[in-house]
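Let's take a walk through this structure together, one feature at a time. Have the sequence and the 3D view ready, and follow along at your own pace.

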Amino acid sequence: MPTRKSAPDADRLDRIVAEARRTRDAREKGYREQALKLYPWVCGRCARQFTHANLQLLEVHHRDGNHDNNPPDGSNWELLCTYCHEAEHRRYLDSAGRGGEQAGTGRESQATHRPFENLDTLLKRKDRERD
């Protein structure tokens, strides 16, 4: 026995549309949407251009690394493609643990192990044993 579809509930549809609009408004208040409105859709490193079709590959990079620092003028943001954004963070992670010091600054840690400290004593003892 075929069932008859009921007419769509108008109140339910109104609630769905209202929720979608609220979600869109909240999303537009986010820093990504603000950055996309402020800046051209071009990667700041490789200059790749983006359209609506591939916009998901364009990401917002926080220049100071603080994701809570979102000034409305966008001064802490930079639009980077996914690949350049990953490279930027990889560069940061690769330098972590090195103390931020550059090679040759004279502030390298000193070695504490002295493998030849008692070498002269060992050599003298070996010479005495031969005699």
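How many disulfides does this predicted model hold? The count comes to zero disulfides. Cysteine 46 is in no disulfide, and the nearest cysteine sulfur, in cysteine 43, lies 3.6 Å away. A pair of cysteine sulfur atoms has to be within 2.5 Å to count as a disulfide. Cysteine 84 tells a similar story: its sulfur is 3.5 Å from the closest cysteine sulfur, that of cysteine 81, which is too far for a bond. As for their surroundings, cysteine 46 is partly exposed at 42% relative accessibility, whereas cysteine 84 is buried at 17%.

Now step back to see the whole chain. Its secondary structure consists of four helices and two strands, and from the N terminus on these elements follow the order α-α-β-β-α-α. Of the 131 residues of the chain, 16% count as buried. The accessible surface comes to about 11300 Å², with 51% of it belonging to carbon and sulfur atoms. Among contacts between residues at least 6 apart in sequence, 47% join residues at least 24 apart.

The two strands are a good place to look next. Strand 1 (residues 58-62) and strand 2 run antiparallel and are joined by five bridges; valine 60, for instance, has leucine 79 of strand 2 as its bridge partner. Is strand 2 mostly covered or mostly open? Strand 2, residues 77-81, is mostly covered, with five of its five residues buried. In a regular strand, side chains alternate between the two faces of the sheet. Here both faces of strand 2 are covered: Trp77, Leu79 and Cys81 are buried on one side, and Glu78 and Leu80 on the other.

Helix 3 (residues 82-95) is home to histidine 85. This histidine 85 is buried, with a relative accessible area of 13%. Setting aside residues up to four places away in sequence, histidine 85 touches Glu59, Val60, His61 and Leu80.

Let's turn to charged side chains. Side chains of opposite charge can pair when their charged atoms come close. The structure holds five salt bridges. One of them joins arginine 45 to glutamate 78, with the closest N and O atoms 2.5 Å apart. This pair links distant parts of the chain, as arginine 45 sits in the loop between helix 2 and strand 1 while glutamate 78 is in strand 2, 33 residues apart. Arginine 45 is partly exposed, at 41% relative accessible area, but glutamate 78 is buried, at 15%.

Arginine 45 also meets glutamate 88 in a salt bridge, at 2.8 Å from N to O. Glutamate 88 lies in helix 3 and arginine 45 in the loop between helix 2 and strand 1, so this pair ties together parts that are 43 residues apart in sequence. Glutamate 88 in turn forms a salt bridge with arginine 91, where the closest N and O atoms are 2.7 Å apart. Glutamate 88 and arginine 91 are both in helix 3, three residues apart, about one turn of the helix. Glutamate 88 is buried at 15% relative accessibility, while arginine 91 is exposed at 53%. Taken together, Arg45, Glu78, Glu88 and Arg91 are linked in a network of salt bridges.

We finish on the surface. Phe116, Leu119 and Leu123 make a nonpolar surface patch of about 320 Å². Of these, leucine 123 is found in helix 4 (residues 119-130) and is partly exposed, with a relative accessible area of 46%.

Technical notes
Residues numbered from 1 in each chain as written. Predicted model: local features only at pLDDT ≥ 70, side-chain atom pairs only at ≥ 80, totals over all residues. Heavy atoms only, no water. Buried < 20%, exposed > 50% of the residue type's maximum accessible area, 1.4 Å probe, protein only. Pairing = 2+ DSSP bridges. Contact = heavy atoms within 4.5 Å. Patch = residues over 30% accessible without salt bridge, like charges linked within 9 Å, V, L, I, M, F, W, Y side chains within 5 Å. Areas by Shrake-Rupley, 256 points an atom, 1.4 Å probe, with all protein chains shown as cover. Salt bridge = Lys/Arg side-chain N within 4 Å of Asp/Glu carboxyl O.
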